[in-house]
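Please study the sequence and the structure shown below before attempting the exercises. Each task is followed by a worked solution.

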Amino acid sequence: VAAVEPLPERRSLLAAALPFTQALLAQVGRTLARAQAALAWSEGGSLPSPPLPPSPCAPLSDADLRSYLGPGGRLLRPQDLRLHVFHGGVEPGLRKVVWRYLLNVFPAGLSGQERLAHLRRKAGEYAALKAALAAGAAPGELALVAAAVRKDVVRTDRAHPYFGGPEEGHPHLAALQALLTTFALGHPRLSYCQGMSDVAAPLLAVLDDEAQAFLCFC
């Protein structure tokens, strides 16, 4: 196949197949390595033991989180923090704090006070962005995006106490609507896709802050 110049309409198919081909070659390489190890063992060698995956651990606690922080509250071991969460999860009360680390809201190396200042600055930037996008969008585009977002907002997690209750004047539904509309207007090529509300809703419910949920969603 590689020796033949592909037709234009087939080039995209070959490009799409490339990751699969690379994965297949990698798997073949691993299989050959295991076969060679087995042959060496049959000739009198010792078969090496495969590495064991890390054992599941307890959910990340406040004491665990502090162990990953250094002087001034700087995060010194971000990779270890991520591995801990990957294998054990996070205690529910810490999600509001830890999710902001996991979703790259903070630049590396900030102290606790610098993180607070960063959040305040980003909240101001979000408010300005939301107003500018709403004012600069064409009325037809704004109405179309808002209607698409609204269709999902009014049916996302309505059984959860944070989003339950009457639709009219609901502050959390309004925040979810604004967050998703701002994102769609700011990313016109992507705009809004069905299911984005299912990602944004738990972020908003846990963080309880529209600007921070927007940062995490982005």
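The exercises below concern a predicted model and proceed from the whole chain to single residues.

**Exercise 1. The chain as a whole**

Determine how many helices and strands the protein chain has, and describe its surface and contacts.

Solution.
Step 1. The secondary structure comprises 9 helices and 0 strands. Read from the N terminus, the order of elements is therefore α-α-α-α-α-α-α-α-α.
Step 2. The protein chain has 218 residues, and 28% of them are buried.
Step 3. The accessible surface is about 13,800 Å², and carbon and sulfur atoms account for 63% of this area.
Step 4. Take the contacts between residues at least 6 apart in sequence: 60% of these join residues at least 24 apart.

**Exercise 2. The cover of helix H9**

State how many residues of helix H9 are buried, and identify what covers them.

Solution.
Step 1. Helix H9 spans residues 210-217, and 7 of its 8 residues are buried.
Step 2. The buried residues are Glu210, Ala211, Gln212, Ala213, Phe214, Cys216 and Phe217.
Step 3. Their cover includes helix H4 (95-102), helix H5 (112-136), H7 and helix H8 (196-207).
Step 4. At the N-terminal end, H9 is capped by Asp209, which has a side-chain oxygen 3.1 Å from the backbone nitrogen of Ala211.

**Exercise 3. Two helix packings**

Classify the packing of H7 against H9 and of H8 against H9, using the angles between their axes.

Solution.
Step 1. Two packed helices are described by the angle between their axes together with the distance between those axes.
Step 2. For H7 and H9 the angle is about 40 degrees, and the axes lie 10 Å apart. H7 is therefore oblique to H9, because angles under 35 degrees count as roughly parallel and those from 65 to 115 as roughly perpendicular.
Step 3. The crossing of H7 and H9 is right-handed. In this packing, Ala175, Ala178, Leu179, Leu180, Thr182 and Phe183 of H7 meet Glu210, Ala213, Phe214 and Phe217 of H9.
Step 4. For H8 and H9 the angle is about 135 degrees, with the axes 9 Å apart. These two helices are therefore oblique to each other, because an angle must be over 145 degrees to count as roughly antiparallel.
Step 5. The crossing of H8 and H9 is right-handed. On the H8 side, Met196, Val199, Ala200, Leu203, Leu204 and Leu207 meet Glu210, Gln212, Ala213, Cys216 and Phe217 of H9.

**Exercise 4. A residue of helix H7**

Is Thr182 buried or exposed? Which residues does Thr182 touch?

Solution.
Step 1. Thr182 belongs to helix H7, residues 171-186.
Step 2. The relative accessible area of Thr182 is 5%, so this residue is buried, the cut-off being under 20%.
Step 3. Leaving aside residues up to four places away in sequence, Thr182 touches Tyr126, Leu129, Lys130, Leu133 and Phe214.

**Exercise 5. Two residues with positive phi**

Locate Asp157 and Asp208, and decide how exposed they are.

Solution.
Step 1. Asp157 lies in the loop between helix H6 (139-153) and H7, whereas Asp208 lies in the loop between H8 and H9.
Step 2. Asp157 is not a glycine, although its phi is positive, at about 55 degrees. Asp208, likewise a residue other than glycine, has a positive phi near 55 degrees.
Step 3. With a relative accessible area of 37%, Asp157 is partly exposed. Asp208, at 46% relative accessibility, also counts as partly exposed, because this class lies between the cut-offs of 20% and 50%.

Terms used. Residues numbered from 1 in each chain as written. Predicted model: local features only at pLDDT ≥ 70, side-chain atom pairs only at ≥ 80, totals over all residues. Heavy atoms only, no water. Helix = DSSP H or I, 4+ residues; strand = E, 2+ residues; numbered from the N terminus. Buried < 20%, exposed > 50% of the residue type's maximum accessible area, 1.4 Å probe, protein only. Contact = heavy atoms within 4.5 Å. Areas by Shrake-Rupley, 256 points an atom, 1.4 Å probe, with all protein chains shown as cover. Polar contact = N/O pair within 3.5 Å; in protein donor to acceptor, adjacent residues only side chain to side chain. Axes fitted to C-alpha atoms, helices over the stretch in contact; angles between N-to-C directions. Left-handed = near helix turned anticlockwise from the far one by under 90°.
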